[in-house]
Amino acid sequence: MAEFINGTGRLVIVGNGMAGARVAEEVLARAGRERFEITMFGEEPWGNYNRILLSNVLNGSQDARDIFLNPLDWYADNQITLHAGDRVDSIDREAQVVRAASGLAVPYDMLVIATGSRAFVPRMDGLQSAEGGDRHGVFVFRTLEDCTRIAACATKCRQAAVIGGGLLGLEAARGLLNHGVGVHVVHLGAHLMDAQLDAPAGAVLRSTMERMGVHVHLEKNTTAILGEDQVTGLQFSDGSILPCDMVVISAGISPNAELAARCGLTVDRAIVVDDAMRSVDDPRIYAVGECAKHRGRCYGLVAPAWEQAAVAADQITGRNPEAAYQGSRVATKLKVMGVELASMGIRDAEHPGDEVLQYSEPKRGMYKKLVIREGVLVGAILLGDMSKATALLQAFDRSTPLPEERASLLFDLGAPSSEMTMLEMPDEAQVCNCNGVSKGAIRKCVMGGRRTLKGVMEATRAGTGCGSCKGLVHEIVEWACEGNVEEDPSVHYYVPGVPLSKKDLVRAIREQQLKSVSAVFNALAEGLEDAGSKMGLASLLKTLWGEEYEDERDARFINDRVHANIQKDRTFSVIPRIYGGVTSADQLRRIADVADKYQVPMVKITGGQRIDLLGITREDLPKVWQDLDMPSGHAYAKSFRTCKTCVGTEFCRYGVGDSTGLGIKIEQRFQGIESPGKLKLATAGCPRNCSEAMVKDIGAVAVEGGRWELYVGGAAGAHVRRGDLLCTVGSHEEALTLIGRFMQYYRENAKYLERTYGFVERIGIEAIRAIVVEDSEGIAERLDAAIQASVDAYVDPWLEAREPATVNQFHSVLQEVSA
Amino acid sequence: MTSASVEHSAAECDLGSVSQIPAGEGREFRVLGRLIAVFNTRGRGVYAVDALCPHRDGPIADGLVGGSVVVCPFHARKYDLATGEALDGGCGLRTYPIRVTAEGQMLLSLQVG
């Protein structure tokens, strides 16, 4: 294994389905094209398509062309040799060669088996024709070709029986319904979709389906397909008969593991792999997707295959030798015959303390059930009403503590639901108000083949302005994909150009002592510089290294290169720091003099209680700063911005705490501290909250008894959110300590550009309180020391007026060349 | 601001030393009335393109650069500096041939690349 730890050589992927192609994509994303000569084999004679959408092809709502994920060009563009329509027959592990049916032999250094699965066909009589071949009118539902043949046959038939009432069977039934044929679902179990639903949910689903015209036959064990040449019906073990003239068998899947078994790999129904997705017998061979068995489990869904492919790629390329697949918590959200349903985790209480919440309204086809263990969601079934599905899926995925008021998990209480359903929303409705993108444009983009939120956002620019519509864009993409949204792996990266999560990135930066942005690109991104990643990396490196950070000015946004905010006419706005918004006649006089001297076109009071001089040219910036003789207000940076204050006890007759005093101290201490997103603070002298401290990233509100309530995660910009109460403290000093500790925790753990309102919601206020206030992880002392180091490292950037950091820092046009 | 003249012999304009532009950044040059952004990239040499973003006149020279891609600071439109292509669709940038002499002088040709 050691010789391949660097990940180079010949990589062969057997299987070109969703798992195989995903492995190829993940390997390419880790600079695999330079390191590997990649060869792929696929039994089907085309590129790779989205098998989940086959039922749309069957019901005619999508064209076969629309479900391709990677067309043949993609393979050529990425220098992958694809043998489409050729089956690999044997693997010679000794010689490290795969041999295909065509006689082709391809040597490998690394091999990935992603052969997927085929339809499981239960034993019954009459499956084959008299000559022993496949019987006319009997189908499985697995490939694009199956789809075409089923559709062609359905137009000539009157009654179609689908054997299997699981997810795939119902999808097939849905497809058939549109071909004008009578549809019967025959199921062995006592209720439909027994892998995902409990009995009451199955019953609700059954009546919904029957209303649509599907006949459901439960607890029927098919023993024979009747008829001489033509199919005439199904024979069941209870003696009854169902007349029909075509049969679709969709009774589950069976992993394609024969190839692996023949070359001596351990196969127990599927290929047995370890946490690295590697065969337990041969370190050069990996197995991914439906043909793999991990910790005793095979998965038939796409999300686990995605996760497995990422781990395999980390291992194969040597990018992360510690990458381990931990198994997937299976959660699905799908639409069966127009009925939306979601299922996650377990279906019933398993432990004595488990709580079960259940609500059923069969007439409307609605059913909801939650299983809660120790305050955390461990299972759920939702049918018919998906308004809570996204929130519950998140709570399940992240194991976040649930609210005490359990009813709010099932229903929107209080306000009537005014939200338009996606179907009702007109195509021309504007979704992204920054870039003017309509619902129709997003829908068309999805129809055009983009199935990731990121892909749609890039193509339409929806959600790329202020970002407040991103949730709605996500919902529309989800709706347009009918729930089959794919996840772009880069959403988990801290920055798009370095394929690592924030945690892994921080570890690599610390281990490898990477102190500049270009050092990170060289060590962790194959030397490939990415413009969109520079600012995020610069912010993180500054947080991690403080004074040791090797600043490269080209990694900064223009505002941070010249310490001012660029305006639409290419002039800049200059906002000097006015601590706590408390100024003096002397300061105001200087500002007025500057406004006169430089003929400043606009002088404005900002929302943060500061004075903004607008329309300053780049060349004048250093002179303006020197004349002002005030430090930078940092109104351009992703950093601590301002602390608004009210007058508090000094003058106000309601004030119960010295809010101006605390605000000034906060601002003197934290000025210029960089953070993943900007930090706007406020202090209020009483709960009347005139300085709006409840809707700030951090707010301190004085309460009677000399105490301060600290709120975090508030917002009143593109997103409006009331802050969560973090804790109550007894003094200014205590407030400064806790504010600093929260800031440092946010700096270290937030994603780049993630504001505190998103961060606090993502981590949860209880978890933050435990760490920051109660020191549950024993890191409080370290956080305090780290923020202190950043405070100590602060230098007013406007001092660069005297000593520019780079040549021509404040000049844009360097030369005039004339004839 | 200094003023230089066109080297008529080579039909190239001498823009002066590349060291006027900090590593990885861009600056503007007004050449025969035309405003041109010149980039001194890390590892990919020097590029010259139109200085104004065709979208809303953003200052391209102030954009962040990654490889040969520049991102306009106004609304994050992306362009390939080598070809001028707008990477998220729309109108592209004009490119101009530019080279750096052994002495570090930048020579720009106004002939559109």
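Chain B is a good place to start: it has 11 strands and zero helices. Read from one end of the sequence to the other, chain B is simply one β after another, in the pattern β-β-β-β-β-β-β-β-β-β-β. Keep in mind that what you're looking at is a predicted model.

**Chain B on its own**

Chain B has 113 residues, and 42% of them count as buried. If you take the contacts in chain B with a separation of 6 or more, residues 24 or more positions apart account for 34% of them.

One piece of chain B that's easy to pick out is an open sheet of three strands, in the order β6-β7-β8, with antiparallel pairing. Its edge strands are β6 and β8 (78–80) of chain B, each of which pairs on one side only. From one strand to the next, the twist averages 25 degrees. Inside this sheet, β7(B) and β8(B) are joined in the antiparallel sense over three bridges. Want a spot to zoom in on? V69(B) stands opposite D80(B) in β8(B).

**Where the chains meet**

How many residues does each chain put into the contact? Chain B gives 34 residues and chain A gives 27 residues. On the chain B side, the elements that give two or more residues are β1 (2–7), β2 (12–17), β3 (26–31), β6 (64–66) and β7 (69–71) of chain B. That side of chain B divides into 18 nonpolar, nine polar and seven charged residues.

Two features here are worth a look. For one, strand β42 (residues 813–818) of chain A runs parallel to β3(B), and four bridges join the two. Within that pairing, E816(A) has R30(B) in β3(B) as its bridge partner. For another, helix α17 (residues 531–545) of chain A lies across β6 and β7 of chain B, at about 110 degrees to β6(B).

**A parallel sheet in chain A**

Over in chain A, five strands form an open sheet with parallel pairing, in the order β11-β18-β12-β13-β14. The edge strands, each pairing on one side only, are β11 (138–140) and β14 (214–217) of chain A. Neighbouring strands of this sheet are turned by 20 degrees against each other on average, direction ignored.

Strands β12 (residues 159–163) and β13 (residues 182–186) of chain A pair in the parallel sense over five bridges. Here Q159(A) stands opposite G182(A) in β13(A). Helix α6 of chain A lies across β12, β13, β14 and β18 (246–249) of chain A, and it runs at about 170 degrees to β13(A).

Here are the strand pairings with a bridge count, side by side:

| Strands | Sense | Bridges |
|---|---|---|
| β12(A) and β13(A) | parallel | five bridges |
| β42(A) and β3(B) | parallel | four bridges |
| β7(B) and β8(B) | antiparallel | three bridges |

**Nonpolar cores**

In soluble globular proteins, nonpolar side chains tend to be buried together. The largest nonpolar core in this model has 65 residues, and A160(A), V162(A), A173(A), V247(A), V248(A) and A380(A) are those with the most contacts inside it. Which element gives the largest share of this core? That's helix α6 (residues 167–177) of chain A, with seven residues. A second, separate core has 54 residues, including A260(A), V272(A), V288(A) and Y299(A).

Back in the largest core, V248(A) touches F139(A), F141(A), I150(A), A160(A), V162(A) and A172(A), if you don't count residues up to four places away in sequence.

**A closer look at Y286(A)**

Y286(A) sits in strand β22 (residues 285–287) of chain A. Is Y286(A) buried or exposed? It counts as buried because 29 other C-beta atoms lie within 10 Å, and the cut-off is 20 or more. Apart from neighbours within four places in sequence, Y286(A) is in contact with V112(A), M277(A), R278(A), S279(A), A312(A) and I316(A). As for A276(A), it is 10 residues from Y286(A) in sequence and 8.2 Å away in space, C-alpha to C-alpha.

**How far to trust it**

The mean pLDDT of chain A is 89, and 97% of its residues reach 70 or more. There are stretches to treat with care, though. Across residues 1–6 of chain A, pLDDT stays under 50, and the model has seven contacts beyond four places in sequence for them. Residues 414–420 of chain A also stay under 50, with three such contacts. Where pLDDT is low, the predicted coordinates should not be read in detail.

Notes
Residues are numbered from 1 along each chain as its sequence is written. Chains are lettered from A and ligands numbered from 1 in the order in which they are written. This is a predicted model: local features need pLDDT of at least 70, side-chain atom pairs count only at pLDDT 80 or more; totals for chains, interfaces and linings use all residues. A nonpolar core is a set of buried Ala, Val, Leu, Ile, Met, Phe, Trp, Tyr and Cys residues joined through C-beta atoms within 7 Å. A residue is buried if 20 or more other C-beta atoms lie within 10 Å of its own, exposed if 12 or fewer, and partly exposed in between; C-beta atoms are placed from the backbone. Two residues are in contact if their C-beta atoms, placed from the backbone, lie within 7 Å. pLDDT is the predictor's confidence in each residue, from 0 to 100. Ala, Val, Leu, Ile, Met, Phe, Trp, Tyr, Cys and Pro count as nonpolar, Asp, Glu, Lys and Arg as charged, and the others, Gly among them, as polar. Two strands pair if DSSP finds at least two bridges between them. Axes are lines fitted to C-alpha atoms, for helices over the stretch in contact, and angles run from 0 to 180 degrees between N-to-C directions.
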